[in-house]
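Trainee: I've got a model open and a pile of labels for it. Can we go through where those labels come from?

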Amino acid sequence: MTMINGFLRILGPERGRMYGFLAWAVGYGLLHGLSMTLLVPISLALFDGDYAAAARWLVVLAVVVLLSAVAHYVQAAQSMRMALTTMRLLHHRLGDHMVTLPLGWFTRERVGQVSQIAVKGTTFVGTSSAHLVTPLVVNTTSALTVVAGLFVFDWRIGVAALAGGVVLILATRASAALIASAEARTHAAEIEVNSRVIEFARCQPVLRAFGRTGAEFDPLTGALAEQEQVGKRALWASVAGMMLSGVGVQAVLGGLITVGVWLAVGGEINPVTLVAILGLAARFTSPLSELAEYGSAMRMAGAELDRITSVLDTPALPEPAAPQSVSKAGQVELDGVAFSYPGRRVLEDVSFVAAPGTMTALVGPSGSGKTTITRLLARFYDVDAGVVRVGGVDVRDQSTAELMAQLSLVFQDVYLFDDTLWENVRIGAPNASDDDIREAARTAGLQSVVDRLPAGWQTRVGEGGSALSGGERQRVSIARALLKNAPVVLFDEATSALDPENERHVAASIRELADRSTVIVIAHKLSTVTAADNIVVLSDRGTVDDTGTHDQLMARGGRYADFWAQRTSASGWTVAKRAAKADAGA
Ligand code: ATP
């Protein structure tokens with residue numbers, strides 16, 4: 001029942017199709033049960049030697065069997081359609097819902113889970129709607145129809161069958177619980193072995209460097225031994241579980257025979273009738289034992305259904321009822337902003353204003369919340385207190401489309417589509433001319449990458465841009481931002497991608513972007529910091545320590561001067577000289 005409710009929930013407004021499919025499955029189960037039940041009057045008529053009555057009952061049986069064949073055909077066709085509909089609907093519902101979720105929801109692990117849910121989960125749930133719901137409904141209905149028949153022939157045997165059915169359900173449940181707990185332990189042991197194998201493979205350089213060249217790796221050996229133990233116990237538990245439901249079926253049958261014989265001995269029932277009824281009672285247990293066999297598949301389908309509904313139940317990013325339009329194009333402002341990740345306060349009372357067309361550098365120790373500020377500007381999350389304004393309007397009062405139209409994001413985790421380099425840049429402004437695309441690529445330093453690649457612009461970059469280096473991916477991302485020409489650019493200067501050639505292009509691109517847009521940059525290079533119109537210095541507690549230009553902050557001493565001293569001494573003369581040059585040029 002829980003599973004059918006789960007299906008109805010995910011089908012949403014299209015649940016009507018499920019009702020139709022269920023009605024046919026119930027109809028088929030009913031006719032199937034009836035065809036079994038008709039064997040009793042036929043047998044009785046034959047025992048009585050009333051061949052005319054037997055023939056009449058046979059005709060009724062033939063009609064029921066015919067109708068049952070039709071119902072079987074229709075419900076089988078419907079179940080196939082139901083499976084395809086469920087899969088299609090699930091893809092649509094997941095897709096529709098995911099585009100409304102806050103960007104902060106899409107963490108690396110979630111993206112992995114979602115791809116698993118969207119591919120494997122939806123297929124499993126879709127096919128389950130046909131392969132599991134059908135036997136569930138058909139077998140339950142035919143078992144109930146047989147019980148109703150037994151009531152008609154002898155109410156006492158009917159009561160015994162009903163009680164037997166309850167016993168059988170309880171035995172099946174106990175057996176399922178036994179098997180499920182064994183499966184859960186096996187699953188946990190499997191995950192542990194998987195992790196240890198990955199660790200073993202990843203640790204090869206370290207293990208070899210420290211002279212461990214053999215195949216023995218204690219954590220993996222331990223995990224394998226544990227898996228073997230758990231596996232053995234699980235096997236016993238499965239055997240015990242299967243025996244429990246098998247014994248349950250035999251016990252119910254034995255109980256029914258005992259009640260029947262007892263009634264026959266007491267003269268309450270004719271022995272001939274008893275034989276016919278017991279024949280039916282024996283059939284009654286077969287749908288129930290078939291149901292028991294589906295237990296494990298039902299549990300798996302239930303788990304997949306739960307995973308899908310947990311995504312569908314994640315609250316969407318609230319959209320304003322009356323979206324406001326931008327009032328100060330290109331202006332960015334944080335006003336008294338506080339923000340926490342679950343269980344951890346990251347920003348506290350952060351305020352600063354970035355005027356249109358200026359460049360603001362965010363500096364501060366690792367973990368001080370620089371990336372979080374850029375995420376709040378793009379509304380990956382909503383603030384706990386204060387206001388984030390982009391274009392003069394609270395980001396919560398703008399439609400997502402309006403906010404996103406104002407922003408270009410150049411973040412460290414650039415994602416490229418598995419398409420050509422050309423298409424990956426063009427996505428920045430799908431209507432841009434070819435000349436604009438080439439110009440943006442030249443400024444971002446992408447042209448030299450294109451020239452190096454054998455297929456040039458038509459090179460496919462692989463899934464996630466795997467065919468390009470980190471620095472090259474960053475250049476694609478910069479070219480997209482240049483092409484989009486948004487009023488505000490959020491730029492994270494990735495430290496990892498800063499080889500000298502890349503550094504030159506990044507600096508040129510930031511200058512170019514700063515000429516046309518408001519740039520908020522998480523600055524790692526000292527030359528970028530000195531070139532900024534305004535520097536926001538964050539403390540390790542996520543508060544704003546100071547704001548101002550490089551000269552103002554240096555004159556005031558304090559944390560910024562310390563930061564500067566540390567960075568210049570850590571980077572050595574080369575960087576210091578370059579920074580000085582940039583200073584002179586700025
Ligand atoms: P860095 O210079 O090292 O990139 P940062 O100043 O950009 O650091 P943030 O990435 O904003 O700092 O992170 C601020 C704090 O929030 C860190 O302590 C980090 O561990 C934590 N944090 C970041 N993202 C999440 C998240 N999705 N969930 C929970 N905590 C997070």
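Mentor: Sure, let's take the labels one by one, keeping in mind that this is a predicted model.

Trainee: What makes the chain more spread out than a compact globule?

Mentor: Set two values side by side. The radius of gyration is 35 Å, while the globule rule gives 25 Å for 586 residues. The chain's value is well over the rule's, so we call it more spread out than a compact globule. As for the box, the C-alpha atoms fill roughly 115 × 60 × 50 Å along the principal axes.

Trainee: And what is the chain built from, in helices and strands?

Mentor: There are 21 helices and 10 strands. Of the 586 residues, 45% count as buried.

Trainee: Why is Ser408 called buried?

Mentor: Its relative accessible area is 2%, and buried means under 20%, so Ser408 qualifies. Ser408 sits in strand S6, residues 407–410.

Trainee: Which residues does Ser408 touch, leaving out those up to four places away in sequence?

Mentor: Ala481, Lys484, Ala486, Val488, Val489 and Leu490. For a contact, heavy atoms have to be within 4.5 Å.

Trainee: Asn485 isn't in that list, but I have a note on it. Why is Asn485 called partly exposed?

Mentor: Partly exposed runs between the 20% and 50% cut-offs. Asn485 has 43% relative accessibility, so it falls in that band. You'll find Asn485 in the loop between helix H17 (470–484) and strand S7 (488–492).

Trainee: What is flagged about the phi of Asn485?

Mentor: The phi is positive, about 55°, although Asn485 is not a glycine. Arg379 gets a similar note: its phi is near 55°, a positive value in a residue other than glycine.

Trainee: Is Arg379 buried or exposed?

Mentor: Arg379 has a relative accessible area of 5%. The cut-off for buried is under 20%, so Arg379 is buried. Its place is in the loop between helix H12 (370–377) and strand S4 (385–390).

Trainee: Now helix H2. How do you know that its span is close to the expected one?

Mentor: H2 covers residues 15–37, which makes 23 residues. From first C-alpha to last, H2 reaches 33 Å, and at 1.5 Å a residue the expected figure is 33 Å. That's the basis for saying close to expected.

Trainee: Which residues of H2 are buried?

Mentor: Among them are Met18, Phe21, Leu22, Ala25, Tyr28 and Gly29. An α-helix has 3.6 residues a turn, so residues three or four places apart point the same way.

Note on methods. Residues are numbered from 1 along each chain as its sequence is written. This is a predicted model: local features need pLDDT of at least 70, side-chain atom pairs count only at pLDDT 80 or more; totals for chains, interfaces and linings use all residues. Side-chain values use heavy atoms; hydrogens and water are left out. Helices (H or I, at least four residues) and strands (E, at least two) are DSSP runs, numbered from the N terminus. The radius of gyration is taken over C-alpha atoms; the globule rule is 2.2 Å times the number of residues to the power 0.38. Buried means under 20% relative accessible area, exposed over 50%, partly exposed in between (1.4 Å probe, protein chains only). The expected span of a helix is 1.5 Å times one less than its number of residues.
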